[in-house]
Amino acid sequence: LEKLPSHCLRYSSPLLAFVCAHICKSISYNTIMHVFMHIAVLLLSSAAPSLGRSRADEPPQPCQAPLQWEGRSVRYEHSTGRNTRAIVSYDGQNQRIRVLEEKKGHIPCKRFFEYIYIYQSAVLFQIEQVTKQCSKIALTEAWDPYDIPDNSTYEDQYFIGGPGDTIQVQEWSDRKPARKNEAWVGVYTVKDCYPVQETYTKNYSVTTSTRFFDLQLGISDPAVFTPPSTCQSARAERMSQDC
């Protein structure tokens, strides 16, 4: 700064002082450009932390759940207190689900079924596992995929389990702040967006909650969505689970 003309030193900004000196031909153009580059580096360095904070402060966005997978589930019906364990084949691409109830020990006077939901045809096949008796029932509810809708509300993110566990999940719901309480809550893994649990409520009471585990990508046997030949003469009413 000692090389600058005295009238240029009145500027509080070093940049303005150097520009003043350049106009007065006191210092070279190269010196001016060097000062410009130095100031630009300082400005970018100071702005970088704030840019990082702005990205971190962005609200989480719903992940994209896989369209096809196989695994196991436990569905709890709160109205009956009944747990149903099943093997699940999920084909979101073609809007169909196959649920094969698992037999866990001998339960007197209980029948186990296979369910094939074909939403594109709005039909449900219920097949008794032993006799292969079949019911063909019209589906009245709309297709509801295992995913996180784009307009969902982010609720929380946490690890399942305790110290050393590495399964991190996010919790989403259809709640609308100050307008609507949640009727659906979904928990999905952060890494691959696998469903972990889905809970539905109605009139402030939980109706069903389903847990998912042992999931694998893809459908190993697409034939599981084809009903057996006994469904060609299927009955129209749903069969009871009791004997």
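User: How many aromatic pairs does the structure hold?
Analyst: This is a predicted model. Rings count as a pair if their centres lie within 6.5 Å. On that basis, the number of aromatic pairs in the structure is 11.

User: What is the geometry of the pair formed by Tyr-119 and Trp-143?
Analyst: The ring centres of Tyr-119 and Trp-143 are 5.1 Å apart. Their planes meet at 65°. Planes over 60 degrees apart count as edge-to-face. The Tyr-119 and Trp-143 pair is therefore edge-to-face.

User: How many residues apart in sequence are the parts that Tyr-119 and Trp-143 tie together?
Analyst: Tyr-119 lies in the loop between strand E4 (113-118) and strand E5 (123-128). Trp-143 lies in the loop between strand E6 (134-138) and strand E7 (153-159). Both Tyr-119 and Trp-143 are buried. The pair thus ties together parts whose separation in sequence is 24 residues.

User: Which strands does the pair of Tyr-154 and Trp-172 tie together?
Analyst: Tyr-154 and Trp-172 also form an edge-to-face pair, at 5.4 Å centre to centre and 70° between the planes. Tyr-154 and Trp-172 sit in parts 18 residues apart in sequence. One ring is in E7 and the other in E8 (residues 168-173), so the strands tied together are E7 and E8.

User: Is Trp-172 buried or exposed?
Analyst: Its partner Tyr-154 is partly exposed, with a relative accessible area of 30%. For Trp-172 the relative accessible area is 1%. Buried means under 20%, so Trp-172 is buried.

User: Which side chain makes a polar contact of 2.3 Å with that of Gln-241?
Analyst: Gln-241 lies in the segment after strand E11 (205-217). At 19% relative accessibility, Gln-241 counts as buried. Beyond its neighbours within four places in sequence, Gln-241 is in contact with residues including Glu-101, Lys-110 and Phe-113. The side chain at 2.3 Å is that of Arg-82.

User: How many of the residues of E5 are buried?
Analyst: Val-123, Phe-125 and Ile-127 on one side of E5 are buried. On the other side, Leu-124, Gln-126 and Glu-128 are buried too. Both faces are covered, and the count of buried residues in E5 is six of six.

User: Which residue in the turn between E5 and E6 has a positive phi?
Analyst: E5 pairs with E6 in the antiparallel sense over five bridges. Ile-127 stands opposite Cys-134 in E6. The two strands form a hairpin with five residues between them. In that turn, the residue with a positive phi, about 65°, is Lys-132.

How values were computed. Residues are numbered from 1 along each chain as its sequence is written. This is a predicted model: local features need pLDDT of at least 70, side-chain atom pairs count only at pLDDT 80 or more; totals for chains, interfaces and linings use all residues. Side-chain values use heavy atoms; hydrogens and water are left out. Rings of Phe, Tyr and Trp (its six-membered ring) pair if their centres lie within 6.5 Å; planes under 30 degrees apart count as stacked, over 60 as edge-to-face and the rest as tilted. Helices (H or I, at least four residues) and strands (E, at least two) are DSSP runs, numbered from the N terminus. Buried means under 20% relative accessible area, exposed over 50%, partly exposed in between (1.4 Å probe, protein chains only). A polar contact is a pair of N or O atoms within 3.5 Å; within protein, one must be able to donate a hydrogen and the other to accept it, and residues adjacent in sequence count only if both atoms are side-chain atoms. Contact means heavy atoms within 4.5 Å. Two strands pair if DSSP finds at least two bridges between them.
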